[in-house]
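Let's take a walk through this structure together, beginning in its interior and working outwards from there. Keep the 3D view open and turn it as you read.

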Amino acid sequence: MSEEEPVVNGDGAGDKYALVTDSFDGIVKYQDPSMKCDGAPNWRRLAGFPIYATGQPNQADLDKCVEQAVNKFDEQKAVLWVNCRQEPVVYVNGKPYSVREKNSLYSHIEMKEAFEINNLENDVSGSLKKGDGTFAFFKDTVGEQTKEKAGESTEEKGKVEKVSTLSEIFSAAAKKEPKLESSRIPVNLNKAPNDDTFDLLIRLLKGHSSAVPVIFNCQGGIARSTTASVVAGLIKEAQLETEFAKMRGVIPDNIIDGLMATKLHPPLPETTDKQNNALMKGEFPVVLELLESCEAAKDCKEQVDRLINAAAGAENIRESVVMEKMQFDVASDDWRLVLKERIMDQIERYFMLIVFSIYTKQVGPDGFNKTFKSWLDSTNYREMIAEGKSRLEWERKIPEEKIQDLKDLLNQENFDANLPAVINKINQLSYKMFNDLPRGDQKCKSMRKLAGRTLLEVIPPKLTTYLESKLGNLSNVPDFYDMVGTLSMYGKCPVEE
């Protein structure tokens, strides 16, 4: 083991870890010109809330983020910063690097406890400081979500000028801005936050007024910081309800009612064509079950949707389920297993945000005197989501009577005369099956995949055998038009003996 390799807890496991850049291609998904901060990807504020979200900023830009929040809410005594990452982070020369296992460069280390993450950061940082003045790193080719095919990343070398742990970075920032209070609360990437995570956020925020600004960050400022922002919005709105209640008798009721209507019950946006899709609106079967079982759930779902929309600059964590489902429709069989798990995790996250909203309505007025975990123990919501998150239409299928019509057209000796009509019918049926989804490349791929599966379902055995002889294994559905072109040559080429 070379001297500069990280030593973890002194056990000689240094060759187990590598540094990977936090930055990756496509990391910036949103940029507000009025809040531009180039080294803080997806830096934004939720409209109407003292809540900010960002990717892991460069050291110099972290100070700029804090400065913007302090200036915006200068009357407040504190500005809170919460790091939501489960993986260790080390700053080298002012830029953040993720610590990953060398044999798994394309996936994050996931740790549950902040002290465990801090310990590993200290070990890696200490080893770099004792090294020969250079460090090795890889460029991130994946980002926050694992990909089916990740681009190759080669090891690069750099000169070490300064190394800092996350704790050291925030200690330095707090010396410049005394109002800054930082903490680390790990948030799951796709799954719902753990019960303890909800409670840690409650404990942090209920110690301050609803107007105190809070900044959340993860690697890209996309999924985890968005989820935490929605949770914070639910907590702050519960605090605001209580603060308004205390004003009654001091301020005229009509003024308070007007403020509450503006702040807590703004009108919902008009439904667009995109939102006509049930999944886009979050109407998953298990969510509909929740709405039927709890009278308050409808209003709570609307509250969560409003906050998700407000936080959706980088990613809409409700609509992300649909985006993943569209990928699922065209994915290979092996990758489908990964996507299916991810989709169910994201449905669970959305469901639990609605459940948390129900909790804030019930327990928030009493100052959150009961933890979310203990409150949840008295309900059946855990069982409901565990049993219901898989209830989804995983495969879109052409109606059986239409399938039989297509089979009849092809199950003839002169089937090729009917082939143009079959192609046209399959295309029309595939379009109809996906006409509720927004336009785009992913929708086209989904339609084409369904067309391919349908063609394989309706052709007679002799044509299936012919396609296999020309295109190989059909279990991973070939391209629809490749199959059509191949079928058009059936019986027209001499057979090789």
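A good place to start is the largest nonpolar core, which has 95 residues; within it, Phe351, Phe372, Tyr381 and Leu455 touch the most other members. The biggest contribution to this core comes from helix α10 (residues 333-363), which supplies 15 residues. A second core lies apart from this one and has 21 residues, including Leu62, Cys65, Ala69 and Ile215. Please bear in mind, as you look, that this is a predicted model.

With the cores in view, step back to the whole chain. How many helices and strands are there in the chain? The chain has 17 helices and 11 strands. Its C-alpha atoms fill a box of roughly 85 × 70 × 45 Å along the principal axes. Of the 497 residues in the chain, 50% are buried. Among contacts with a separation of 6 or more, 72% are between residues 24 or more positions apart.

Now return to Leu455, one of the residues that touch the most other members of the largest core. Setting aside residues up to four places away in sequence, Leu455 touches Leu410, Ile426, Phe480, Met483, Val484 and Leu487. Ile426 and Leu455 also take part in a helix pair: Ile426 is one of the contact residues in α14, and Leu455 is one of those in α15.

That pair deserves a closer look. Two packed helices are described by the angle between their axes and the distance between the axes. For helix α14 (residues 415-433) and helix α15 (residues 441-458), the axes come within 9 Å and cross at roughly 130°. This crossing angle makes α14 oblique to α15. The crossing is also right-handed. On the α14 side you will find Ile426, Ser430, Tyr431 and Met433, and these meet Met447, Leu450, Ala451, Thr454 and Leu455 of α15. Sorted by class, the residues of this contact comprise 7 nonpolar, 2 polar and no charged.

Try picking out Ser430 in helix α14. Is Ser430 buried or exposed? Its relative accessible area is 1%, so Ser430 counts as buried. Beyond its neighbours within four places in sequence, Ser430 is in contact with Ile398 as well as with Met447, Leu450 and Ala451. Met447, Leu450 and Ala451 are among the α15 residues in the helix contact described above.

Another helix pair can be viewed in the same way. Helix α7 (residues 285-293) and helix α8 (residues 297-310) have axes that come within 8 Å and cross at roughly 135°. These two helices are therefore oblique to each other. Here Val287, Leu290 and Leu291 in α7 meet Ala297, Lys298 and Lys301 in α8. By class, this contact has 4 nonpolar and 2 charged residues, with no polar ones.

The loops have something to show as well. Most residues other than glycine have a negative phi, and most peptide bonds are trans. Asn42, however, has a positive phi, near 60°. Asn42 sits in the loop between β1 (17-24) and β2 (44-45). With a relative accessible area of 2%, Asn42 is buried. Phe368 is not a glycine either, and its phi is positive at about 55°. The loop that holds Phe368 runs between α10 and α11 (372-377). Phe368 is buried too, with a relative accessible area of 5%.

Stay for a moment with the loop between β1 and β2, where Trp43 is also placed. At 2% relative accessibility, Trp43 counts as buried. Which residues is Trp43 in contact with, leaving aside its neighbours within four places in sequence? They are Tyr30, Met35, Cys37, Tyr52, Ala53, Thr54, Cys65, Gln68 and Ile215. Cys65 and Ile215 are among the members of the core of 21 residues. Trp43 and Pro213 are 170 residues apart along the chain, while their C-alpha atoms are separated by 14 Å.

For our last stop, turn to Arg203 in helix α4 (residues 195-205). Arg203 counts as exposed, at 58% relative accessibility. Arg203 is 54 residues from Lys149 in sequence, and from C-alpha to C-alpha the two are 41 Å apart in space.

How values were computed
Residues numbered from 1 in each chain as written. Predicted model: local features only at pLDDT ≥ 70, side-chain atom pairs only at ≥ 80, totals over all residues. Heavy atoms only, no water. Axes fitted to C-alpha atoms, helices over the stretch in contact; angles between N-to-C directions. Helix = DSSP H or I, 4+ residues; strand = E, 2+ residues; numbered from the N terminus. Parallel < 35°, antiparallel > 145°, perpendicular 65-115°, else oblique. Left-handed = near helix turned anticlockwise from the far one by under 90°. Contact = heavy atoms within 4.5 Å. Nonpolar A, V, L, I, M, F, W, Y, C, P; charged D, E, K, R; others polar. Buried < 20%, exposed > 50% of the residue type's maximum accessible area, 1.4 Å probe, protein only. Core = buried A, V, L, I, M, F, W, Y, C linked by side-chain atoms within 4.5 Å.
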